[in-house]
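The following questions and answers concern the fold of one protein chain. Please consult the sequence and the structure shown here while reading.

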Amino acid sequence: MNAEKIPQADPVRRKRTDEIVDAIKESIVRDNLLPGDRLPQEKDLASRFAAGKSTVREALKSLEVQGLIRTKTGPGGGAFIESMSDNRAMSLLSNYLFTRELSIANIYALRKALEPLVAVSAIDNIDAAGFEQLHTLIKIYDHEPADEQERWNQRMAELDFHGVVASYSDNVLLAFLCHFLQRLLKDLAVCKDIYQRPEPVNRRAGIEYQYRLIEALRRKDAGEVDRIMTEHMQHAENAMLTLEATLEERFLSEKPAADRE
(Lines give C-alpha, C1' and ligand atoms only; values in the text may rest on other atoms or scores of the structure.)
Protein backbone atom coordinates (compact mmCIF):
# COMPACT_ATOMS: atom_id res chain seq x y z
CA MET A 1 0.00 0.00 0.00
CA ASN A 2 1.35 3.41 -0.95
CA ALA A 3 1.74 5.86 1.87
CA GLU A 4 -0.76 8.69 1.70
CA LYS A 5 0.81 12.01 0.82
CA ILE A 6 1.43 14.25 3.79
CA PRO A 7 0.76 17.99 3.24
CA GLN A 8 3.98 19.78 2.28
CA ALA A 9 5.89 20.91 5.32
CA ASP A 10 6.58 24.56 6.12
CA PRO A 11 10.08 25.95 5.37
CA VAL A 12 10.96 25.34 9.01
CA ARG A 13 10.87 21.59 9.51
CA ARG A 14 7.75 20.59 11.41
CA LYS A 15 7.39 17.67 13.75
CA ARG A 16 6.30 14.47 12.08
CA THR A 17 3.45 14.27 14.59
CA ASP A 18 2.12 17.69 13.52
CA GLU A 19 2.24 16.66 9.86
CA ILE A 20 0.19 13.57 10.61
CA VAL A 21 -2.30 15.59 12.66
CA ASP A 22 -2.91 17.85 9.65
CA ALA A 23 -3.12 14.87 7.30
CA ILE A 24 -5.74 13.19 9.50
CA LYS A 25 -7.73 16.44 9.61
CA GLU A 26 -7.65 16.63 5.82
CA SER A 27 -8.77 13.01 5.52
CA ILE A 28 -11.69 13.66 7.90
CA VAL A 29 -12.92 16.44 5.60
CA ARG A 30 -12.15 14.57 2.37
CA ASP A 31 -13.90 11.39 3.53
CA ASN A 32 -16.83 13.43 4.89
CA LEU A 33 -16.58 11.80 8.31
CA LEU A 34 -19.20 12.93 10.82
CA PRO A 35 -19.33 13.03 14.64
CA GLY A 36 -19.48 9.45 15.90
CA ASP A 37 -17.67 7.98 12.88
CA ARG A 38 -14.58 5.95 13.70
CA LEU A 39 -11.12 6.64 12.33
CA PRO A 40 -9.08 3.73 10.94
CA GLN A 41 -7.17 1.68 13.49
CA GLU A 42 -3.72 2.83 14.59
CA LYS A 43 -1.93 0.20 12.50
CA ASP A 44 -3.86 1.28 9.40
CA LEU A 45 -3.06 4.93 10.02
CA ALA A 46 0.60 4.02 10.55
CA SER A 47 0.62 2.22 7.19
CA ARG A 48 -1.23 5.02 5.42
CA PHE A 49 1.15 7.72 6.63
CA ALA A 50 4.31 5.58 6.67
CA ALA A 51 4.82 6.31 10.36
CA GLY A 52 5.45 4.36 13.52
CA LYS A 53 2.56 3.45 15.81
CA SER A 54 3.93 5.63 18.61
CA THR A 55 3.97 8.66 16.29
CA VAL A 56 0.39 7.98 15.20
CA ARG A 57 -0.64 7.50 18.82
CA GLU A 58 0.90 10.88 19.70
CA ALA A 59 -0.96 12.49 16.78
CA LEU A 60 -4.25 11.01 17.96
CA LYS A 61 -3.60 12.27 21.47
CA SER A 62 -3.04 15.76 20.04
CA LEU A 63 -6.34 15.59 18.16
CA GLU A 64 -8.07 14.47 21.34
CA VAL A 65 -6.64 17.39 23.31
CA GLN A 66 -7.90 19.70 20.57
CA GLY A 67 -11.36 18.23 21.05
CA LEU A 68 -11.61 16.84 17.51
CA ILE A 69 -11.71 13.16 18.44
CA ARG A 70 -12.35 10.99 21.48
CA THR A 71 -10.71 7.65 22.15
CA LYS A 72 -12.36 4.61 23.63
CA THR A 73 -10.62 1.48 24.90
CA GLY A 74 -11.84 -2.08 25.00
CA PRO A 75 -14.03 -4.00 22.55
CA GLY A 76 -15.42 -1.71 19.88
CA GLY A 77 -12.94 0.95 20.90
CA GLY A 78 -10.84 3.25 18.76
CA ALA A 79 -10.73 6.91 17.81
CA PHE A 80 -14.07 8.57 17.04
CA ILE A 81 -14.84 11.93 15.48
CA GLU A 82 -16.05 14.33 18.15
CA SER A 83 -18.42 17.24 17.66
CA MET A 84 -16.75 20.28 19.20
CA SER A 85 -19.30 22.62 20.73
CA ASP A 86 -19.06 26.39 20.43
CA ASN A 87 -18.50 26.56 24.18
CA ARG A 88 -15.53 24.20 23.96
CA ALA A 89 -13.97 26.18 21.11
CA MET A 90 -14.52 29.46 22.93
CA SER A 91 -13.01 28.05 26.11
CA LEU A 92 -9.86 27.12 24.21
CA LEU A 93 -9.62 30.62 22.74
CA SER A 94 -10.28 32.17 26.14
CA ASN A 95 -7.41 30.12 27.58
CA TYR A 96 -5.14 31.52 24.87
CA LEU A 97 -6.11 35.08 25.83
CA PHE A 98 -5.97 34.42 29.59
CA THR A 99 -2.46 35.83 30.08
CA ARG A 100 -2.87 38.65 27.54
CA GLU A 101 -3.84 42.18 28.58
CA LEU A 102 -7.27 42.16 26.99
CA SER A 103 -9.30 45.35 27.43
CA ILE A 104 -12.86 46.50 26.89
CA ALA A 105 -11.57 48.78 24.13
CA ASN A 106 -9.92 45.78 22.40
CA ILE A 107 -13.23 43.92 22.37
CA TYR A 108 -15.26 46.87 21.13
CA ALA A 109 -12.78 47.61 18.36
CA LEU A 110 -13.93 44.29 16.88
CA ARG A 111 -17.58 44.52 17.94
CA LYS A 112 -17.97 47.87 16.15
CA ALA A 113 -16.68 46.25 12.96
CA LEU A 114 -18.41 42.85 13.19
CA GLU A 115 -21.78 43.37 14.89
CA PRO A 116 -23.18 45.49 12.02
CA LEU A 117 -21.99 42.87 9.54
CA VAL A 118 -23.54 39.96 11.42
CA ALA A 119 -26.85 41.80 11.83
CA VAL A 120 -27.05 42.46 8.08
CA SER A 121 -26.18 38.83 7.38
CA ALA A 122 -29.11 37.72 9.57
CA ILE A 123 -31.75 39.66 7.59
CA ASP A 124 -32.83 36.83 5.30
CA ASN A 125 -32.85 34.17 8.03
CA ILE A 126 -34.38 35.66 11.14
CA ASP A 127 -37.98 34.52 11.60
CA ALA A 128 -40.96 35.08 13.89
CA ALA A 129 -39.40 32.92 16.61
CA GLY A 130 -36.24 35.02 16.45
CA PHE A 131 -38.15 38.29 16.78
CA GLU A 132 -40.09 36.85 19.71
CA GLN A 133 -36.81 35.91 21.42
CA LEU A 134 -35.51 39.45 21.00
CA HIS A 135 -38.64 41.00 22.49
CA THR A 136 -38.58 38.50 25.38
CA LEU A 137 -34.99 39.42 26.19
CA ILE A 138 -35.72 43.15 26.18
CA LYS A 139 -38.44 42.58 28.77
CA ILE A 140 -35.77 41.24 31.13
CA TYR A 141 -33.92 44.56 31.27
CA ASP A 142 -36.53 47.22 30.38
CA HIS A 143 -36.90 48.19 34.06
CA GLU A 144 -34.70 48.92 37.05
CA PRO A 145 -33.35 45.80 38.81
CA ALA A 146 -34.75 44.86 42.19
CA ASP A 147 -31.49 43.40 43.49
CA GLU A 148 -27.95 42.41 42.56
CA GLN A 149 -29.00 39.11 41.00
CA GLU A 150 -31.52 40.79 38.71
CA ARG A 151 -28.94 43.43 37.78
CA TRP A 152 -26.55 40.66 36.73
CA ASN A 153 -29.27 38.82 34.81
CA GLN A 154 -30.15 42.01 32.97
CA ARG A 155 -26.57 42.61 31.85
CA MET A 156 -26.29 39.04 30.60
CA ALA A 157 -29.61 39.35 28.73
CA GLU A 158 -28.40 42.54 27.04
CA LEU A 159 -25.53 40.56 25.56
CA ASP A 160 -27.80 37.60 24.76
CA PHE A 161 -29.89 39.92 22.55
CA HIS A 162 -26.92 40.24 20.23
CA GLY A 163 -26.25 36.52 20.50
CA VAL A 164 -29.73 35.80 19.11
CA VAL A 165 -29.16 38.17 16.19
CA ALA A 166 -25.81 36.51 15.41
CA SER A 167 -27.37 33.03 15.57
CA TYR A 168 -29.39 33.85 12.43
CA SER A 169 -26.34 34.85 10.40
CA ASP A 170 -25.60 32.92 7.21
CA ASN A 171 -21.87 33.30 7.92
CA VAL A 172 -20.80 30.69 10.48
CA LEU A 173 -17.38 32.28 11.09
CA LEU A 174 -18.81 35.76 11.57
CA ALA A 175 -21.46 34.43 13.97
CA PHE A 176 -18.85 32.52 15.97
CA LEU A 177 -16.61 35.57 16.31
CA CYS A 178 -19.49 37.75 17.50
CA HIS A 179 -20.59 35.10 20.00
CA PHE A 180 -17.00 34.87 21.23
CA LEU A 181 -16.74 38.64 21.75
CA GLN A 182 -20.04 38.57 23.64
CA ARG A 183 -18.70 35.77 25.83
CA LEU A 184 -15.52 37.75 26.54
CA LEU A 185 -17.66 40.61 27.82
CA LYS A 186 -19.38 38.16 30.16
CA ASP A 187 -16.13 36.63 31.40
CA LEU A 188 -13.62 39.51 31.49
CA ALA A 189 -12.85 40.38 35.09
CA VAL A 190 -13.23 44.14 34.67
CA CYS A 191 -16.61 43.64 32.99
CA LYS A 192 -17.80 41.45 35.86
CA ASP A 193 -16.80 44.22 38.26
CA ILE A 194 -18.75 46.74 36.20
CA TYR A 195 -21.85 44.56 35.98
CA GLN A 196 -21.87 43.96 39.74
CA ARG A 197 -21.61 47.66 40.66
CA PRO A 198 -24.89 49.48 41.31
CA GLU A 199 -23.90 52.29 38.95
CA PRO A 200 -26.80 54.03 37.16
CA VAL A 201 -27.15 52.68 33.61
CA ASN A 202 -29.05 54.50 30.85
CA ARG A 203 -30.76 51.48 29.33
CA ARG A 204 -33.40 53.50 27.48
CA ALA A 205 -31.02 54.57 24.73
CA GLY A 206 -29.75 51.03 24.19
CA ILE A 207 -33.26 49.60 24.17
CA GLU A 208 -34.36 52.23 21.66
CA TYR A 209 -31.55 51.15 19.35
CA GLN A 210 -32.68 47.56 19.72
CA TYR A 211 -36.33 48.24 18.93
CA ARG A 212 -35.26 50.21 15.86
CA LEU A 213 -32.99 47.34 14.86
CA ILE A 214 -35.83 44.82 15.12
CA GLU A 215 -38.04 46.95 12.85
CA ALA A 216 -35.22 47.40 10.32
CA LEU A 217 -34.66 43.62 10.31
CA ARG A 218 -38.38 43.08 9.69
CA ARG A 219 -38.24 45.45 6.72
CA LYS A 220 -35.04 43.77 5.50
CA ASP A 221 -33.45 47.22 5.24
CA ALA A 222 -29.74 46.35 5.17
CA GLY A 223 -28.54 49.95 5.13
CA GLU A 224 -30.63 50.88 8.15
CA VAL A 225 -29.64 47.70 10.04
CA ASP A 226 -25.98 48.53 9.46
CA ARG A 227 -26.40 52.16 10.55
CA ILE A 228 -28.40 51.36 13.69
CA MET A 229 -26.03 48.64 14.83
CA THR A 230 -22.99 50.82 14.17
CA GLU A 231 -24.46 53.60 16.34
CA HIS A 232 -25.57 51.08 18.97
CA MET A 233 -22.08 49.60 19.29
CA GLN A 234 -20.51 53.05 19.61
CA HIS A 235 -23.03 53.93 22.31
CA ALA A 236 -22.37 50.64 24.12
CA GLU A 237 -18.60 51.17 24.01
CA ASN A 238 -18.91 54.71 25.37
CA ALA A 239 -21.13 53.47 28.20
CA MET A 240 -18.76 50.64 29.14
CA LEU A 241 -15.65 52.83 29.04
CA THR A 242 -17.37 55.46 31.18
CA LEU A 243 -18.33 52.81 33.74
CA GLU A 244 -14.79 51.43 33.64
CA ALA A 245 -13.37 54.90 34.34
CA THR A 246 -15.82 55.36 37.24
CA LEU A 247 -14.78 52.00 38.65
CA GLU A 248 -11.09 52.93 38.40
CA GLU A 249 -11.65 56.31 40.08
CA ARG A 250 -13.53 54.66 42.93
CA PHE A 251 -10.80 52.06 43.33
CA LEU A 252 -8.10 54.73 43.55
CA SER A 253 -10.10 56.84 46.00
CA GLU A 254 -10.60 53.84 48.28
CA LYS A 255 -6.90 52.94 48.38
CA PRO A 256 -4.91 54.01 51.46
CA ALA A 257 -2.92 57.20 50.83
CA ALA A 258 0.38 55.34 51.18
CA ASP A 259 -0.59 52.97 48.38
CA ARG A 260 -1.45 55.85 46.04
CA GLU A 261 2.02 57.40 46.32
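Q: How are H7 and H8 oriented to each other, roughly parallel or roughly antiparallel?
A: This is a predicted model, in which local features need pLDDT of at least 70, side-chain atom pairs count only at pLDDT 80 or more, and totals for chains, interfaces and linings use all residues. Residues are numbered from 1 along each chain as its sequence is written, and side-chain values use heavy atoms, with hydrogens and water left out. The axes (lines fitted to C-alpha atoms, for helices over the stretch in contact, with angles from 0 to 180 degrees between N-to-C directions) of helix H7, residues 148–167, and helix H8, residues 172–187, come within 9 Å and cross at roughly 175 degrees. Angles under 35 degrees count as roughly parallel and those over 145 as roughly antiparallel; H7 and H8 are therefore roughly antiparallel.

Q: Which residues of H8 does H7 meet?
A: Contact means heavy atoms within 4.5 Å. On the H7 side, the participants include Trp152, Met156 and Leu159. Their partners in H8 are Ala175, Cys178, His179, Gln182, Leu185 and Lys186.

Q: In which sense do strands E1 and E2 pair?
A: Helices (H or I, at least four residues) and strands (E, at least two) are DSSP runs, numbered from the N terminus. Two strands pair if DSSP finds at least two bridges between them. E1 (residues 69–72) and E2 (residues 78–81) have 4 bridges, and their sense is antiparallel.

Q: Which residue in the hairpin of E1 and E2 takes a positive phi?
A: Within the pairing, Arg70 stands opposite Phe80 and Thr71 opposite Ala79. The hairpin has 5 residues between the strands, and the positive phi, near 85 degrees, belongs to Gly74.

Q: Where does UniProt place the feature "domain: HTH gntR-type"?
A: The entry is unreviewed, and such annotations may be inferred rather than shown by experiment. The end C-alpha atoms of the span lie 26 Å apart, and the span is 49% helix and 11% strand. The record places the feature at residues 14–84.

Q: What radius of gyration does the chain have?
A: The radius is taken over C-alpha atoms, and the globule rule is 2.2 Å times the number of residues to the power 0.38. A compact globule of 261 residues would have a value near 18 Å, but the chain has 24 Å.

Note on methods
Angles under 35 degrees count as roughly parallel, over 145 as roughly antiparallel, 65 to 115 as roughly perpendicular and the rest as oblique.
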